[in-house]
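Work through the following exercises with the structure open beside you, and try each task before you read its solution.

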Amino acid sequence: MSAVDLAVAGVPDDAWLVVVDMQEVFTGDSPWATPRYVHAAAGIERLLPRFTGRTVFTRFVAPEHPQGAWVPYYRDWPFALVPDTDPVWDLTEPFRTAAADRRDPVVTETTFGKWGTGLQEVTGDHPHLVLVGVSTDCCVLSTALAAADAGATVTIVADACAGASDDDHERALAAMRLYAPLITVV
């Protein structure tokens, strides 16, 4: 998707690109590897120049002490119970370098959804967010629904996202389309 395509889709110049969880833990041999991660990364790289100075990267990390429903979750995924400084939680390249070189903020949360005080402090309470990243059917979906519910306008760039599977990706996009006009999938 190009800057022209985003303009045609109604994305204003002051929109924020939110790059959701492009991290090592979702690549390679990880149990959480996203099959089309590389495809999503290529789509995101095409978008970065349009959002210079208006990009936020997010990271999902495990809580130090899981509580509530997270206790059985991490019982199923004990490999992930490592400190947030562990390399498994690092942004992958080129996003790690882009965040550092461009001084883009990185919001770290222990929840699937990234909409909350950290992201709001950067983007404002009712921004236009362009969401990309992984996994479409988990962290992207959770972020989109919470942001839209709070009054943000949300655009999902489908070819810059990847799901746990192609079917899961498509189901998540279909679910988000149900929230139009709060959420638009392009």
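Helices (H or I, at least four residues) and strands (E, at least two) are DSSP runs, numbered from the N terminus. The model used here is predicted.

**Exercise 1.** Determine where proline 94 lies, and find whether the peptide bond from glutamate 93 to proline 94 is cis or trans.

Solution. Begin with the place: proline 94 belongs to the loop that runs between helix 3 (70-76) and helix 4 (95-102). Then turn to the bond from glutamate 93 to proline 94, where omega is near 10°, and the bond is cis. As a second case, take the bond from valine 134 to serine 135, which is also cis, with omega near -15°; serine 135 sits in the loop between strand 4 (128-134) and helix 6 (136-149). Such bonds deserve a look because most peptide bonds are trans.

**Exercise 2.** Explain why cysteine 138 and cysteine 139 do not form a disulfide.

Solution. Recall first that a disulfide needs two cysteine sulfur atoms within 2.5 Å. The closest cysteine sulfur to that of cysteine 138 belongs to cysteine 139 and is 4.1 Å away, so the distance is too far for a bond. The count for the structure is accordingly zero disulfides.

**Exercise 3.** Decide whether aspartate 21 is buried or exposed, and do likewise for arginine 103.

Solution. Buried means under 20% relative accessible area, and exposed means over 50%. Aspartate 21, in the loop between strand 1 and helix 2, has 0% relative accessibility and is therefore buried. Arginine 103, in the loop between helix 4 and strand 3 (106-109), reaches 74% and is therefore exposed. Finally, check the backbone: phi is positive in aspartate 21, near 55°, and in arginine 103, about 60°.

Terms used
Residues numbered from 1 in each chain as written. Predicted model: local features only at pLDDT ≥ 70, side-chain atom pairs only at ≥ 80, totals over all residues. Heavy atoms only, no water. Buried < 20%, exposed > 50% of the residue type's maximum accessible area, 1.4 Å probe, protein only.
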